[in-house]
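Hi everyone, thanks for making time this morning. I'd like to walk you through a few spots in one model, so let me put it on the screen.

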Amino acid sequence: MAHIKSMEIYQFRGIQQLIVSDFSRINLIVGDNNCGKTTFLEAIQLLFTKAQISSVKNIIKQRTVLNLNDNSFYVSFINMFNVNNRDSLFEFDLYAESDKGPIQFEIRGHEKTLAGEDALQMSQMSARQKLTYKQSSFLPEMVKVFDGSIIGQSGKKTIEKEIRLTSLDSSVSGAVSKKEVQYIPSFGHLRYDLLKNIVDNPEYKKLAISILKKFDESIVDICYTKADDESFVESIITENGVNMPFSVYGDGIKKILYILNKLFDATDSILLIDEIETGLHKKYYDKLFPVVFELAKKLNVQLFIATHSMEAIDAILEYGKYENDTNSKDPIKVITLKKIDSNDGKGSNVAARNVTGKYVYENRKAFEFEVRL
């Protein structure tokens, strides 16, 4: 597993070119809406997909975590390429330096238009699905097709695979690489097994309960209980013996258990958290964040945290203990992303400012520094 030191992004979504160096153990990704924070987190995930197109699809689907419908993968795939460069060649390239060597991910190819019948035959559908489609759907006269390749490099090993996708494809099949990087979408705690890494690990369970007590002191246990229909329900046991399903509690308890689970999964690797403040009341930040960061340190997890919240940023900076100034290496970096329109008004790029947590902390205190621009 690897931690990354720097990253370069070329022609990915709304980013034409972005280079960020000197990452730390805790990296805050901040900025205005639509400045590229989620794109930045997606780029890190793509670096570790080992050139598996099915893994790419799973990353794309994260943007619709609450949408159970499987919309056209092709449209979402094409939208990964930079909107300002829609010539005949489609290409984006991601590169990172890690403590395990260089990592690279690239997709390149061309889009063309074929007759509907020809496109159907080369689509990702099975023979049965193709027959069903012809019988039950209107086959367009002309269909868009992407023909190209996906390239992944990790250290000295390079993998290249051909890609052929059509706009008829609602999904893609194939192997999914084991996740080396864990990701927490802003509302992911609403659809996740929140106890899977906790109930069978007594030490971890004890830690989880101690954190939950910050929300509700009456909590004494968390476990699976069997419902009347024989299904298993994630439950909380209170000190008076009452069994309460998670569904009656607020998002805060679900969010912190989600983070604890993903931290465990990310041991010796990377955890990405999009909008860490979602579901958490700001009055709990000072108690919860230090526990999460200390656990990440213990498990050797590098954190990338995107946030809109100035309250969350200030609480995270408190972890740096800059008043004491005892850290030989600042554990926090603050990367501010900003969308910049071109002079001719026909495009845009994303720029980054990368400063230490100590710099932001001192300027916040002295000048009410607005790190989010």
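Let's begin with E106: buried or exposed? Its relative accessibility is 8%, and the cut-off for buried is under 20%, so E106 counts as buried. Please keep in mind that this is a predicted model. You'll find E106 in strand β5, which spans residues 101-115. And what does the side chain of E106 pair with? The side chain of R108, through a polar contact of 3.0 Å. If we set aside residues up to four places away in sequence, E106 also touches E91, F92 and D93, along with S149, I150 and I151.

Next, a tyrosine. Y224 sits in strand β9. At 32% relative accessibility Y224 falls in the partly exposed class, whereas E106 counts as buried. The side chain of Y224 has a polar contact too, 2.7 Å, with the side chain of D193. D193 is also among the contacts of Y224 beyond four places in sequence, and the others there are L195, K196, V199, F232, V233 and E234. To give you a feeling for distance, take Y224 and G320: 96 residues separate them in sequence, and their C-alpha atoms are 37 Å apart in space.

Now to the helices, and since we have just been on β9, α6 is a good place to go. Helix α6 covers residues 202-212, and its buried residues are Y204, K205, A208, I209, I211 and L212. Why do we say that they share a side? Because the arc they cover around the axis is only 160°, they lie on the same side of α6. Turn to the face pointing away from that buried side and you meet P202, E203 and K206, which are exposed. What lies over the buried residues of α6? The cover includes β9, residues 219-226, together with α7 and α8.

That brings us to α7 and α8 as a pair. Helix α7 runs over residues 251-265 and helix α8 over residues 285-298; their axes come within 10 Å and cross at roughly 10°. That angle is why α7 is described as roughly parallel to α8. On the α7 side of the contact we have I256, I259, L260 and L263, and they meet L288, V292, L295 and A296 from α8. How do the residues of this contact divide by type? Eight are nonpolar, with no polar and no charged ones.

Helix α8 turns up again when we look at α9. The buried residues of α9 are M310, A312, I313, A315, I316 and L317. They pack against α8, and also against β3, β14 and α10, the last of these being residues 357-367.

Before I stop, two backbone details in loops. The loop between β3 and α1 holds N34. Phi of N34 is positive, near 60°, and this is a residue other than glycine. With 63% relative accessibility, N34 counts as exposed. The second case is K321, in the loop between α9 and β14. K321 is not a glycine either, yet its phi is positive, about 50°. Its relative accessibility of 48% is why K321 counts as partly exposed.

That's my tour, thanks for listening! I'm happy to go back to any of these spots on the screen.

How values were computed: Residues numbered from 1 in each chain as written. Predicted model: local features only at pLDDT ≥ 70, side-chain atom pairs only at ≥ 80, totals over all residues. Heavy atoms only, no water. Axes fitted to C-alpha atoms, helices over the stretch in contact; angles between N-to-C directions. Helix = DSSP H or I, 4+ residues; strand = E, 2+ residues; numbered from the N terminus. Parallel < 35°, antiparallel > 145°, perpendicular 65-115°, else oblique. Contact = heavy atoms within 4.5 Å. Nonpolar A, V, L, I, M, F, W, Y, C, P; charged D, E, K, R; others polar. Buried < 20%, exposed > 50% of the residue type's maximum accessible area, 1.4 Å probe, protein only. Polar contact = N/O pair within 3.5 Å; in protein donor to acceptor, adjacent residues only side chain to side chain. Arc of directions from axis to C-beta.
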